[in-house]
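Reader: I'd like to walk through this one with you before I head back to the bench. Could you take my questions one at a time and show me how you get to each answer?

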Amino acid sequence: MKRRMVYPIVKFGDDVLTAKAETVTTFDDAELQKLVEDMFESMYAANGVGLAANQIGISRRIAVIDTSVGKDPKAKIVIINPEIIARDGKQYEEEGCLSIPGFRETVERPAKAIVRAFDAKGKEFTMEGEGLLARAFCHETDHLNGMFFINHLSTLKRDLIKRKIRKMMRSGEW
Ligand code: NI
């Protein structure tokens, strides 16, 4: 059994989070399998339901999702080079992000979303998600495009959160 690694989560303010992550072109190698498993470990350690590779400082288009938070092994989803290819309806729920700890806001997302992506073996697939899963597909794909949930808020709300974060950065609390 290979040793698992729990990566620290990169927080808002780091440039790796606002860059468009790089497309994955090589699949099914040991390095990618280990990275994906380490991403699940890092996500579970942080009690998240989704994690994008740039949130651990790796600018590659890879995200992991588990809306069961580790309770159901079948709920583990790997999306590589993901694209949201269809959206339907709307949902309004509170959303947070491991890279923006302490802030939660209501965000508009599609009620249903279909993602097209590759798995860790390089097999292309499409998957429909509803509710929290649709939200996770959108949230993680946003990350790989350099976006945060706060990009979906009003300028006023977003600026307020950014100001609070900058204040915490100055006092060394971020
Ligand atoms: Ni996030």
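Reader: Let's start with C97: is C97 buried or exposed?
Author: Keep in mind that this is a predicted model. Buried means under 20% relative accessible area. C97 has a relative accessible area of 8%, so C97 is buried.

Reader: And what about C138, is it buried or exposed?
Author: The cut-off for buried is under 20% relative accessible area. C138 comes in at 6% relative accessibility, so C138 counts as buried.

Reader: How many disulfides does a search of the whole structure find?
Author: A disulfide needs two cysteine sulfur atoms within 2.5 Å. C138 is in no disulfide, and its nearest cysteine sulfur, that of C97, is 14 Å away. Over the whole structure, the number of disulfides found is zero.

Reader: Which protein donors does the nickel ion have?
Author: Donors here are N, O and S atoms within 2.8 Å of the metal. Three protein atoms lie 2.1 to 2.3 Å from the nickel ion. Along the chain, the donors follow the spacing C-x41-H-x3-H. They are C97 (SG), H139 (NE2) and H143 (NE2).

Reader: How far apart in helical turns are H139 and H143?
Author: Both histidines sit in helix α2, residues 132–144. H139 and H143 are four residues apart there, which means a separation of about one helical turn.

Reader: What relative accessible area do the two histidines have, H139 and H143?
Author: Anything under 20% is buried. Both pass, so H139 is buried at 8% and H143 is buried at 0%.

Reader: Moving to the core, which element supplies the largest share of the largest nonpolar core?
Author: That core has 17 residues, and I65, I77, I79, I84 and F137 touch the most other members. β2, β3, β6 and α2 each supply at least two of its residues. The largest share, six residues, comes from α2.

Reader: Which residues does I77 touch?
Author: I77 is one of the core residues that touch the most other members. Leaving aside residues up to four places away in sequence, I77 touches F40, A63, V64, I65, M127, L133 and F137.

Reader: Why does the span of helix α1 agree with what it should be?
Author: Helix α1 covers residues 30–45, which makes 16 residues. At 1.5 Å a residue they should span 22 Å. The end C-alpha atoms of α1 turn out to be 22 Å apart, so the two values agree at 22 Å.

Reader: Which strands do the buried residues of α1 pack against?
Author: The buried residues of α1 are L32, L35, V36, D38, M39, F40, S42 and M43. After the helix comes N47, with a positive phi near 60°. The buried residues of α1 pack against β1 (50–52), β2 (62–65) and β3 (77–88).

Reader: How many bridges join β6 to β3, and how many to β7?
Author: Take β3 and β6 to begin with: they run antiparallel, with A86 opposite I114. β6 and β7 (residues 124–130) also pair in the antiparallel sense, and A113 stands opposite G129. The counts are six bridges for β3 and β6, and seven for β6 and β7.

Reader: Which residues make up the covered face of β6?
Author: β6 spans residues 112–118. Its uncovered face holds K112, I114, R116 and F118. That leaves the covered face, which is A113, V115 and A117.

Reader: Which residue in the hairpin of β6 and β7 takes a positive phi?
Author: The hairpin has five residues between the strands. One of the hairpin's residues has a positive phi near 90°, and it is G122.

Reader: Where do V69 and N81 lie?
Author: Most residues other than glycine have a negative phi. V69 has a positive phi of about 50° without being a glycine, and N81 likewise has a positive phi, near 50°. V69 counts as partly exposed at 33% relative accessibility, whereas N81 is buried at 14%. V69 lies in the loop between β2 and β3, and N81 lies in strand β3.

Reader: Last one: how far apart in space are T25 and I62?
Author: T25 is in the segment before α1 and is exposed, with a relative accessible area of 69%. T25 and I62 are 37 residues apart in sequence. In space, C-alpha to C-alpha, the distance between T25 and I62 is 11 Å.

Technical notes: Residues are numbered from 1 along each chain as its sequence is written. This is a predicted model: local features need pLDDT of at least 70, side-chain atom pairs count only at pLDDT 80 or more; totals for chains, interfaces and linings use all residues. Side-chain values use heavy atoms; hydrogens and water are left out. The expected span of a helix is 1.5 Å times one less than its number of residues. Buried means under 20% relative accessible area, exposed over 50%, partly exposed in between (1.4 Å probe, protein chains only). Contact means heavy atoms within 4.5 Å. Two strands pair if DSSP finds at least two bridges between them. Donors are N, O and S atoms within 2.8 Å of the metal (3.2 Å for Na, K and Ca); water is not among the atoms, so sites may look incomplete. A nonpolar core is a set of buried Ala, Val, Leu, Ile, Met, Phe, Trp, Tyr and Cys residues joined through side-chain atoms within 4.5 Å.
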